[in-house]
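Visitor: I am new to protein structures and a bit lost in all the detail. Could you pick one part, show it to me closely, and then help me find my way through the rest?

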Amino acid sequence: MKKAMVFGAGVSGLGGKQLLEKMGYEVILVDDKSAISSKDAMNMLEGLDFFIKSPGVPYTELVIEAKKKNIEVIDEIELCYHYMLECKSNAKIIAVTGTNGKTTTTTKITELLNYAGYKARYAGNIGVSLGSLLSSDEKLDYIVLELSSFQLENVKKFKPFISMIINLTPDHLARYKDEKEYYDTKFNICKEQDKSEYFIFNTDCKEIVERKDMIPASLVSITKTDNRKCDYQVIDGKLCYHGEEILECSKLSLKGQHNLENILFIVATAKLCNITNEKLQGFLYHTNPLEHRMEIVMDYGHIRFINDSKATNIDSSKFAIEAYDKCVLICGGYDKGLEWTPLIDLINSHVSEVYFIGDIAQELNSRLKKTSFNPDKIHMLHDVRNTLLDIKERFDKNDNITVLFSPATSSYDQFKNFEERGRVYKELVRDIFGR
């Protein structure tokens, strides 16, 4: 019997295990918290056909030993692609990565494809395992994958129909030796494509433009400016294809420059999938924003609470902090090894008071106190509950303020993921201020 080892019992690992068992493999599940320990697994590497490393698992001694024994180390995405080739799946893969905007773009492309009459599902770094999706044997026209840099580290033959890197800004520097390694890893999304496939090329992102030679696919270029050399551009408030109007930007239901960038990717993808302008307008003029992204939670008198838990890096928080100028900001969480100066600058320019939480709180507190920011407006309550209780005590419901929860980093120090973090924030807001 064929045998494989899966290291990590999260969403990706369990999805990979499910698919491997469907393919007839004996599966050894390794997880130091909930399955065979990695120490015990060191003695179980002989005879393996595959070693599947989950994205969140670091390159531990077990992974290194597997490579030394010439066992092929891949991730769930590569495994699933092998399966799709073996099964001669007709589903076309649309692959989405980037630092910010991945979830909005992935979700809305999927919703649009279904709105246009196709059968589409999303998976990947969005809470749904591709392995479990394929195990269901559902007949699909398209699979839209949100892929993190972690998920792209061990892809080898993965070859999507359409790929895209939305933007690149510093992130995950606790994992990578520098920004270049992080950026270059993102380009694994397109490395096996050829001219029969497509890469949507964001000409507004310097880091992407500088890596143009790493893209073997046919380029479809986009820009938020009036640049007629690009395939898709914005001219006098209208999103156009080679100068021909597709839709009016003022009518879009997803507001902001960051969403305009996402929508350019959505529109370019839609046209490659033969979706009409009428369908595009019908969808993009009325679709709703995502949960946890600048989401209005409730109003307590004149105090408005915003949930922006999806902001897992500084650039993502920048959009919200600038949109809610002079807000009361709640931020902090897991220390990803980022350069925090841009966040400190944003707080100085756009925030009236700040509450720091999580592992990085002390670092941010020390940095901000070295600036001219009023020290009486800096608070350290460590977690969301204590922060909200303090806000209720210090502010009156007639105060005209916005409380913005935009962490600017990951949630792993106190929460399982940004979704749990956002749900907890919303529940606490409603519990504490809904009385």
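Guide: What follows is a close look at one sheet, and then a walk to some other parts. Please keep in mind that this is a predicted model.

Let us start with the sheet that contains strand E1. Four strands make up this open sheet, in the order E2-E1-E3-E4, and their pairing is parallel. Try tracing that order on the model. At the two edges you will meet strand E2 (26–30) and strand E4 (73–74); each has a single partner strand, so one side of each has no neighbour in the sheet. In general, the strands of a sheet pair through backbone hydrogen bonds, and the pairing can be parallel or antiparallel.

Now zoom in on one pair. Strand E1 (residues 3–7) and strand E3 (residues 50–53) run parallel and are joined by 4 bridges. One of these is easy to look for: Phe 7 has Lys 53 in E3 as its bridge partner. A helix belongs in this picture as well. Helix H1 (residues 11–22) packs on the sheet and touches E1, E2 and E3. The direction of H1 makes about 165° with that of E2.

Which residue shall we stop at? Phe 50 is a good choice, and its place is in strand E3. Its relative accessibility is 11%, and residues under 20% count as buried, so Phe 50 is buried. What does Phe 50 touch, once residues up to four places away in sequence are set aside? The list is Lys 3, Ala 4, Met 5, Tyr 25, Ile 71, Glu 72, Ile 74 and His 82. You can also use Phe 50 to practise comparing places in the chain with places in space: Val 27 is 23 residues away along the chain, and the two C-alpha atoms are separated by 9.7 Å.

From here, move on to strand E5 (residues 92–97). Of the 6 residues in E5, 5 are buried, so this strand is mostly covered. E5 runs parallel to strand E7 (residues 142–146), with 5 bridges between them, and Lys 92 stands opposite Tyr 142 in E7. E5 is also parallel to E8, to which 4 bridges join it; here Thr 97 stands opposite Ile 165.

Ile 143 gives us a way into the interior. With neighbours within four places in sequence left aside, its contacts include Met 84, Ala 91, Ile 93, Ile 94, Leu 130 and Leu 133. Ile 143 also ranks with Leu 130 and Phe 158 as the residues with the most contacts inside the largest nonpolar core, which has 47 residues. Helix H4 (residues 76–86) supplies the largest share of this core, 6 residues. Another core lies apart from this one; its 37 residues include Leu 113, Ile 200, Tyr 232 and Leu 247. As a general rule, nonpolar side chains in soluble globular proteins tend to be buried together.

Not every buried residue has a nonpolar side chain. Thr 169 lies in the loop between strand E8 (162–165) and helix H7 (179–186), and it counts as buried because its relative accessibility is 15%, where the limit is under 20%.

Our last stop is another sheet, useful to set beside the one we began with. This open sheet has 6 strands in the order E14-E15-E19-E16-E17-E18, with mixed pairing. Strand E14 (295–300) and strand E18 (378–382) stand at its edges, and the twist from one strand to the next averages 20°. E14 and strand E15 (residues 303–307) run antiparallel, joined by 5 bridges; Tyr 300 has Ile 303 as its bridge partner in E15. H15 packs on this sheet, touching E14, E15, strand E16 (327–331) and strand E19 (402–405).

Helix H15 (residues 418–433) also packs with helix H14 (residues 384–394), at an angle of about 35° and with the axes 10 Å apart. Their crossing is right-handed. Where they meet, the H14 residues include Leu 388 and Ile 391, and the H15 residues include Leu 428 and Phe 433. By class, this contact has 9 nonpolar, no polar and 3 charged residues.

Terms used:
Residues numbered from 1 in each chain as written. Predicted model: local features only at pLDDT ≥ 70, side-chain atom pairs only at ≥ 80, totals over all residues. Heavy atoms only, no water. Core = buried A, V, L, I, M, F, W, Y, C linked by side-chain atoms within 4.5 Å. Buried < 20%, exposed > 50% of the residue type's maximum accessible area, 1.4 Å probe, protein only. Contact = heavy atoms within 4.5 Å. Pairing = 2+ DSSP bridges. Axes fitted to C-alpha atoms, helices over the stretch in contact; angles between N-to-C directions. Left-handed = near helix turned anticlockwise from the far one by under 90°. Nonpolar A, V, L, I, M, F, W, Y, C, P; charged D, E, K, R; others polar.
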